[in-house]
Amino acid sequence: MEISDENFRVWAEQNEVYFDGVFRLAGPDAYAPIYSLITGLLHEGHKQVTFNLTGLEFLNSSGINLLAKLTIEARKMGDLLLVVKGTHQYPWQAKSLPNLKKLHPLLDLRLA
Amino acid sequence: MRPTVYGSESLAGISLDSGTRLTLTDGPLQLGWKHSGMTSDFIAEVMALRYSGSKKGYVQAHHDIGYLSNELIENAVKFRQPGEILIEAGIFDGSFLIRVQNTIDGVTSSRFQQLLHRLQSRDPGELLLEQIETNAISTASGSGLGLLTLLSDYDAKMAWAFEESEGERIILTTTAAVAMPPSSNP
């Protein structure tokens, strides 16, 4: 399962979703296929799902909205642990990822 | 007629004459979504040069300039009426300033002014989380999430001026500023 264009790539390996590159899509409609891909994985019955954002260089606000919506979807599933792996290498992550933790306090945010 | 201003009045009035000016023309080649990314990358490349003496400072400056520019130009491209988008940008007193001007229609203008009204009396961080929760249960776009991110996560100072023009058109001028790291390469 993979969605990509010339600037980004998102794919899943077992219970881990990898985001790579620059995401600047135009809005919820444009992000919808990615949302469906990942929501599908959240509902596959894993105990833990990881969003690996260490390759995610840039994300516009519509993309931040996507991550937030996925976090809320995971929050609804009481027995699922959501792990978000980020990096200080890309400044937006330290600024905006803590918002996900505010939405879902049980989320395990790992900023390395 | 005097424009209606929201946000920082002093920021709205500041002159950016000594900055860099770009015009995105809505000509025969058409102005498309991808041009907001190309333009903001260009602005970040040019403006962050003076920070290249320190890797950390450069990465921070390049990113913040790129993010701020991209959000403002994305909004201009998304909500504009046919016509030019005028962009002015520069580094002034340790801050990056950008001003984006485009025309919008009356409906967009009143919807946007309602959002700005709500913003005036609320903490942007709280409003951001509230808006995210609202977006999660609806598919409506144009929620102002980009602006809330800038105010909340980037500590941006912002001003919006609405000025009536001919017909139903309104000229929207958005000015934003973010603090830059100390310049290593003056």
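1. Let's start in chain B, with one residue pair: B:Gly7 stands opposite B:Ala159, which belongs to strand 5 of chain B. That match is part of a wider pairing, since strand 1 and strand 5 of chain B run antiparallel to one another, with four bridges between them. Keep in mind throughout that this is a predicted model.

2. The link between those two strands has a side-chain part as well. B:Tyr6 and B:Phe162 make an aromatic pair of the edge-to-face kind, with 5.7 Å centre to centre and 85° between the planes. B:Tyr6 sits in strand 1 (residues 4-7) of chain B and B:Phe162 in strand 5 (residues 157-164) of chain B, so the contact ties together parts 156 residues apart in sequence.

3. Are these two rings buried or exposed? B:Tyr6 has a relative accessible area of 6%, and anything under 20% counts as buried, so B:Tyr6 is buried. B:Phe162 is buried too, at 4% relative accessibility.

4. Strand 5 of chain B also pairs with strand 6 (residues 170-179) of chain B, in the antiparallel sense and through eight bridges. One of the matches here puts B:Glu164 with its bridge partner B:Ile170 in strand 6 of chain B. The two strands make a hairpin with five residues between them, and in this hairpin B:Gly167 has a positive phi near 65°.

5. Back to aromatics for a moment. Over all chains, a search of the whole structure turns up nine aromatic pairs. Chain A has a cluster worth a look: A:Phe8, A:Phe19, A:Phe23 and A:Phe51 group together as one aromatic cluster.

6. Now for the sheet in chain A. It is an open sheet of six strands, in the order 1-2-3-4-5-6, with mixed pairing. Which strands stand at the edges? They are strand 1 (2-4) and strand 6 (108-111) of chain A; each has a single partner strand, so one side of each has no neighbour in the sheet. From one strand to the next, the twist averages 10°.

7. At the strand 6 edge, the partner is strand 5 (residues 81-86) of chain A: the two run parallel and are joined by four bridges. If you want a place to find this in the viewer, try A:Gly86, whose bridge partner in strand 6 of chain A is A:Leu111.

8. Next, the second largest pocket, with a volume of about 530 Å³. Its lining counts 20 residues, and those nearest the centre are A:Gln89, A:Tyr90, A:Pro91, B:Val59 and B:His63. Strand 4 (48-59) and helix 3 (91-96) of chain A, along with helix 2 (34-47) and helix 3 (55-79) of chain B, each give at least two residues to this lining. Which element gives the largest share? That is helix 3 of chain B, with nine residues. Sorted by class, the pocket lining has nine nonpolar, six polar and five charged residues.

9. Last, the enclosed space. The search of the whole structure finds one cavity of 30 Å³ or more, and the largest cavity holds about 30 Å³ of space. Its lining consists of A:Ile64, A:Leu67, A:Trp92, A:Ser96, A:Leu97, A:Asn99, A:Leu100 and B:Ile132. Helix 2 (61-76), helix 3 and helix 4 (98-103) of chain A are the elements that supply two or more of these residues. By class, the cavity lining has six nonpolar residues, two polar and no charged ones.

Terms used
Residues are numbered from 1 along each chain as its sequence is written. Chains are lettered from A and ligands numbered from 1 in the order in which they are written. This is a predicted model: local features need pLDDT of at least 70, side-chain atom pairs count only at pLDDT 80 or more; totals for chains, interfaces and linings use all residues. Side-chain values use heavy atoms; hydrogens and water are left out. Two strands pair if DSSP finds at least two bridges between them. Axes are lines fitted to C-alpha atoms, for helices over the stretch in contact, and angles run from 0 to 180 degrees between N-to-C directions. On a 1 Å grid over the protein atoms alone, a cavity is a set of points where a 1.4 Å probe fits but cannot get out, and a pocket is an open set with protein on both sides within 12 Å along at least five of seven lines; lining residues have an atom within 4 Å of a point. Grid points are joined across faces, edges and corners, and a volume is the space filled by probe spheres set on the points. Ala, Val, Leu, Ile, Met, Phe, Trp, Tyr, Cys and Pro count as nonpolar, Asp, Glu, Lys and Arg as charged, and the others, Gly among them, as polar. Rings of Phe, Tyr and Trp (its six-membered ring) pair if their centres lie within 6.5 Å; planes under 30 degrees apart count as stacked, over 60 as edge-to-face and the rest as tilted. Buried means under 20% relative accessible area, exposed over 50%, partly exposed in between (1.4 Å probe, protein chains only).
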